[in-house]
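Reader: Hey, could you walk me through this one? I'd like to poke at a few spots and ask as I go.

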Amino acid sequence: MDLSSSPLDGAVSGSALTTLATPEEAAAFDAFLRDTPFAAYQQTRAWAAAAPASARRGWRWFFHHDAHGPIGAAVIRTTRLGFGRWLATIQRGPVVHDPARFAETLSALLDALRDAGCCTVQLAPRVRGRALPVMTEALRGYGFAPLPHDQQSLHQATGIVWLDKPEEDVLAGFRQRARRALRSAQRAGITVRTATGARDLAAYQRVLDDFAAARPGYDISGQPDAHGQAALVAACGGDLLLAERDGVAIGAHGFVRQADEAIWLSLATSDRDGVSPGYPLLWEAMRRARARGCVGYDLAGLPLDEPQDAGEAGRAQFKSAFAPHRRVMPPMQMAVLDPLAHHLLFGARQAYRAWRRRG
């Protein structure tokens, strides 16, 4: 069944990889993904437009509904493997409003993917709390198993700074190291403001580029550029911020909204004299997110166990200064829909990627 030729609310039940052929259908799809406690920016069409492009990749949309309306949806990244077969990657999805209907949505999704020539699917829903065991059990029931640690493309653990209290209490909850760094940044004359217009976006991009060049071992290839981040912020809500010292941009930070929380999208800095603009950037982002009604700020990843290298240890130390609450989510998981094609095509892809890493 193709939802592009039928109403989303009506007498017919079904699901499909849909083209969202009309503005009404696209708006219903977008609203369903947005208005759920499990919302994630990776599960928006805005993310599909902003994410770095690849010749082998594309995007498809899935919508599952019954006679009463939508039940589940997913933004699917496709990767061509050859001979008409492809890999589906669903970051932080599929999305439901009712966790009790996740298994039903998952079953419909797998049927639709199999019918469309998908041989392998990888996914990790954004779920926590009481819904976690319900969704985890559904994943196990449909044959999903966690990917090895070195193949995880999403963080499994993260840190949440709670914002649902007076601003002075949020600040008081930080570790002394963060409060001291904020005072040092203020004395050094570092200021933070919104990035607006083409000139600011160019400055934002320069900070991102300088940051990447100084850290060749830190892979940010999956991160949108400044224009892509601005488009994502415009679609989801959030802000792009620039930190300046003596009129020069020395830091950039972006965040977007996910349901009633905000999440770190990017942060890049050029520290001087031992004074980091990262602290005032993140604090200003939290203040703005709180003013817009967000109850938490997601720091977008903490090590699940011990840090794997010095870079990860440094990032974890910076984030720990804000005394975040630790949250664990499901890891990226995989299910095989066509065993022969998976073994031949997906296996060849993994062997090639391993060879490139060794080279």
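Author: What follows is a chat about a few residues, strands and empty spaces in this model.
Author: The model is predicted, so to speak of local features we need pLDDT of at least 70, side-chain atom pairs count only at pLDDT 80 or more, and totals for chains, interfaces and linings use all residues. Residues are numbered from 1 along each chain as its sequence is written, and side-chain values use heavy atoms, with hydrogens and water left out.

Reader: Ok. Where is glutamine 43 found?
Author: Glutamine 43 is in the loop between α1 (23-34) and α2 (45-50). Helices here are DSSP runs of H or I with at least four residues, strands are runs of E with at least two, and both are numbered from the N terminus.

Reader: Is glutamine 43 buried or exposed, and why?
Author: Glutamine 43 counts as buried because its relative accessibility is 1%. The cut-offs are under 20% relative accessible area for buried and over 50% for exposed, with partly exposed in between (1.4 Å probe, protein chains only).

Reader: What does glutamine 43 touch?
Author: Leaving out residues up to four places away in sequence, glutamine 43 touches Leu33, Ala73, Ala74, Val75, Ile90, Gln91, Arg92, Gly93 and Val95. Contact means heavy atoms within 4.5 Å. A polar atom of the glutamine 43 side chain also lies 2.8 Å from the backbone nitrogen of valine 75.

Reader: Let's switch to strands. How many residues of β4 are buried?
Author: In strand β4 (residues 85-92), 7 of the 8 residues are buried, so the rest of the structure largely encloses this strand.

Reader: Which strands does β4 pair with, and in what sense?
Author: Strand β3 (residues 69-82) runs antiparallel to β4, with 5 bridges joining them. With strand β6 (residues 118-125), β4 pairs in the parallel sense over 7 bridges. Two strands pair if DSSP finds at least two bridges between them.

Reader: What stands opposite threonine 89?
Author: Arginine 77 stands opposite threonine 89, and threonine 89 also stands opposite glutamine 122 in β6.

Reader: How many residues sit between the strands in the hairpin of β3 and β4?
Author: There are 2 residues between them, and phenylalanine 83 in that hairpin takes a positive phi near 55°.

Reader: Ok, empty space now. How many cavities of 30 Å³ or more turn up?
Author: The search of the whole structure finds 1, and the largest cavity has a volume of about 30 Å³. On a 1 Å grid over the protein atoms alone, a cavity is a set of points where a 1.4 Å probe fits but cannot get out, a pocket is an open set with protein on both sides within 12 Å along at least five of seven lines, and lining residues have an atom within 4 Å of a point. Grid points are joined across faces, edges and corners, and a volume is the space filled by probe spheres set on the points.

Reader: Which residues line the largest cavity?
Author: The lining is Gln42, Gln43, Trp47, Trp59, Val75, Arg77, Thr89 and Gln91. β3 and β4 are the elements that give two or more residues to that lining.

Reader: Next up, where is glutamate 261, and is it buried or exposed?
Author: Glutamate 261 is in strand β12 (residues 261-269), and at 2% relative accessibility glutamate 261 counts as buried.

Reader: Which side chains make polar contacts with glutamate 261?
Author: The side chain of glutamate 261 makes a polar contact of 2.9 Å with that of arginine 126 and one of 2.8 Å with that of arginine 327. A polar contact is a pair of N or O atoms within 3.5 Å; within protein, one must be able to donate a hydrogen and the other to accept it, and residues adjacent in sequence count only if both atoms are side-chain atoms.

Reader: Last one: where is threonine 120, and what does its side chain contact?
Author: Threonine 120 is in strand β6 and counts as buried at 0% relative accessibility. The threonine 120 side chain makes a polar contact of 2.8 Å with the side chain of histidine 342. Among the residues that threonine 120 touches are Trp86, Leu87, Ala88 and Phe346.
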